[in-house]
Amino acid sequence: MDQPSGKTTSATPAFLRALSGEKLAVPPVWLMRQAGRYLPEYREVRAKAGSFLSLCYNPELAAEVTLQPIRRFGFDAAILFSDILVVPQALGQKLWFAEGEGPRLEPVADAARLAEIDRGAGAGKLDPILETVGRVRASLGKETGFIGFCGAPWTVGTYMVAGRGTPDQGPARALIAQDPVLFQAIIDRIVASSIDYLNAQITAGVDAVQIFDSWAGALGPEDFRRWCIEPTRRIVEGVRAVHPQARIIGFPRGAGELIPEYIRGTGVDAVSLESEIDRDFAREAIQSLVPVQGHLDPLILRAGGDDLESEISAVKAAFGSGPFVFNLGHGILPDTPIAHVERLLKAVRG
Ligand code: CP3
């Protein structure tokens, strides 16, 4: 597989060294959703911003919440504070967050709606988020990696079609069955804007990007190839064409035994692993191909206690002999005690 040619030195952040295939005695660590509601300082800024989306589009406050977990815990990487759904919003789809209920969009159900959304596509709508990237870059220490992200086309597409999160991604899967040409047009639109968006994030200062495919597990092998691997491959190609040195992490959550095929097919540099995946399989069939990130269960972090210590040891034992970034298998839960995050860092770093 082609690997980017970016060279690393001992001055390179540990996070990027691990993504470049180095095995480190102490794995770098960050947590998905590390900027979030479990932190009182986040809740304070979030209240000041008024809403989640106003926070995403306020560069000063978004940079502040991106940096909060770095200051408090000294994680090895910061992740841009934003959301995967700002891409459909920039395309002209209405987006709002119903308090306590998650995202809502005006669904795209036919070609006319897609054409309207296309016409709504405007350069510059994501500029405030790129300004956040620049601000974070300017304040981040050299030892800390900086991660940008987008949603994978399949996952973003499920929200665009249904207008909300769905337990089984039924509306998008029904559209695939009824009108694959329309669904392909939606995917193509997301691919094009995601390439531009990730390239702009890298230009503005992130070192690595993560492509979140949270609903990859909902598709059978053939649909997974067409709707997850192929669009992600195009994004990887489009980013590499402009930024060959950028590291790209894929997160095909729930794809299980199809992950080796995803790695070969997309060309990502590393993959994030969900907690449900078998550790022996992940080490032998996945970490033998690329560096891995994960895969502590967020429920175990929230519960704490002896189980937390023993699970951290088990995750380290499973993946510590190869290139590895310690993380959760999914986002940190809002009611996770801060003391448990502190214990995690002690246990990971020894
Ligand atoms: O990891 C980070 O700290 C970076 C920021 C980030 C957010 N969302 C902030 C957020 C990232 C990388 C995401 C990705 C995202 N967003 C995904 C893919 C990863 C995953 O969780 O599966 C998805 C599917 C979304 C869409 C989304 N955004 C949902 C379903 C929700 C509601 C669920 C929830 O946790 O409230 C959001 C809201 C959201 N995105 C919040 C945050 C901090 C909570 C908003 C708040 O503060 O009220």
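Q: Which polar backbone atom contacts the ligand, and at what separation?
A: A polar contact is read from a pair of N or O atoms within 3.5 Å. In this predicted model, a polar backbone atom of Gln34 lies 3.4 Å from an oxygen atom of the ligand.

Q: Which side chains have polar atoms close to a ligand oxygen atom?
A: The same cut-off of 3.5 Å applies to side-chain atoms. An oxygen atom of the ligand is 2.8 Å from a polar side-chain atom of Arg37. For Arg46, an N or O atom in the side chain is 2.7 Å from an oxygen atom of the ligand.

Q: How much of the ligand's area does the protein bury?
A: Burial is read by taking the ligand alone and then with the protein. The ligand alone exposes 870 Å², and the protein buries 87% of that.

Q: Where does the ligand sit, and which elements give two or more residues to the shell around it?
A: The ligand sits in the largest pocket. Helix H2 (40-49) and strand E3 (102-105) are the elements that give two or more residues to the ligand shell.

Q: How many residues surround the ligand, and of which classes are they?
A: The ligand is surrounded by 22 residues, the closest being Arg33, Tyr42, Arg46, Asp83 and Ser214. By class, this shell holds 13 nonpolar, five polar and four charged residues.

Q: How is the largest pocket itself to be read, and how much space lies in it?
A: Rolling a probe the size of a water molecule over the atoms reveals where empty space is left. Here the largest pocket holds about 1,300 Å³ of space. It is lined by 40 residues, of which Arg33, Arg37, Phe52, Asp83 and Phe97 are the closest to its centre. Two or more lining residues come from each of H2, helix H3 (52-56), strand E2 (95-98) and E3. The lining comprises 22 nonpolar, 11 polar and seven charged residues.

Q: What is the phi of Arg33, and where is this residue found?
A: Backbone torsions deserve separate attention. Arg33 is not a glycine, yet its phi is positive, at about 60°. Arg33 is found in the loop between helix H1 (14-19) and H2.

Q: Which residues does a cis peptide bond join?
A: Here the angle to read is omega. A cis peptide bond joins Gly294 and His295, with omega about -20°. His295 lies in strand E8, residues 292-296.

Key. Residues are numbered from 1 along each chain as its sequence is written. This is a predicted model: local features need pLDDT of at least 70, side-chain atom pairs count only at pLDDT 80 or more; totals for chains, interfaces and linings use all residues. Side-chain values use heavy atoms; hydrogens and water are left out. A residue is near a molecule or strand if one of its heavy atoms lies within 4 Å of it. A polar contact is a pair of N or O atoms within 3.5 Å; within protein, one must be able to donate a hydrogen and the other to accept it, and residues adjacent in sequence count only if both atoms are side-chain atoms. Accessible areas come from the Shrake-Rupley method with a 1.4 Å probe; for residues, only the protein chains shown count as cover. On a 1 Å grid over the protein atoms alone, a cavity is a set of points where a 1.4 Å probe fits but cannot get out, and a pocket is an open set with protein on both sides within 12 Å along at least five of seven lines; lining residues have an atom within 4 Å of a point. A molecule sits in a cavity or pocket if more than half of its atoms lie within 2 Å of its grid points. Helices (H or I, at least four residues) and strands (E, at least two) are DSSP runs, numbered from the N terminus. Ala, Val, Leu, Ile, Met, Phe, Trp, Tyr, Cys and Pro count as nonpolar, Asp, Glu, Lys and Arg as charged, and the others, Gly among them, as polar. Grid points are joined across faces, edges and corners, and a volume is the space filled by probe spheres set on the points.
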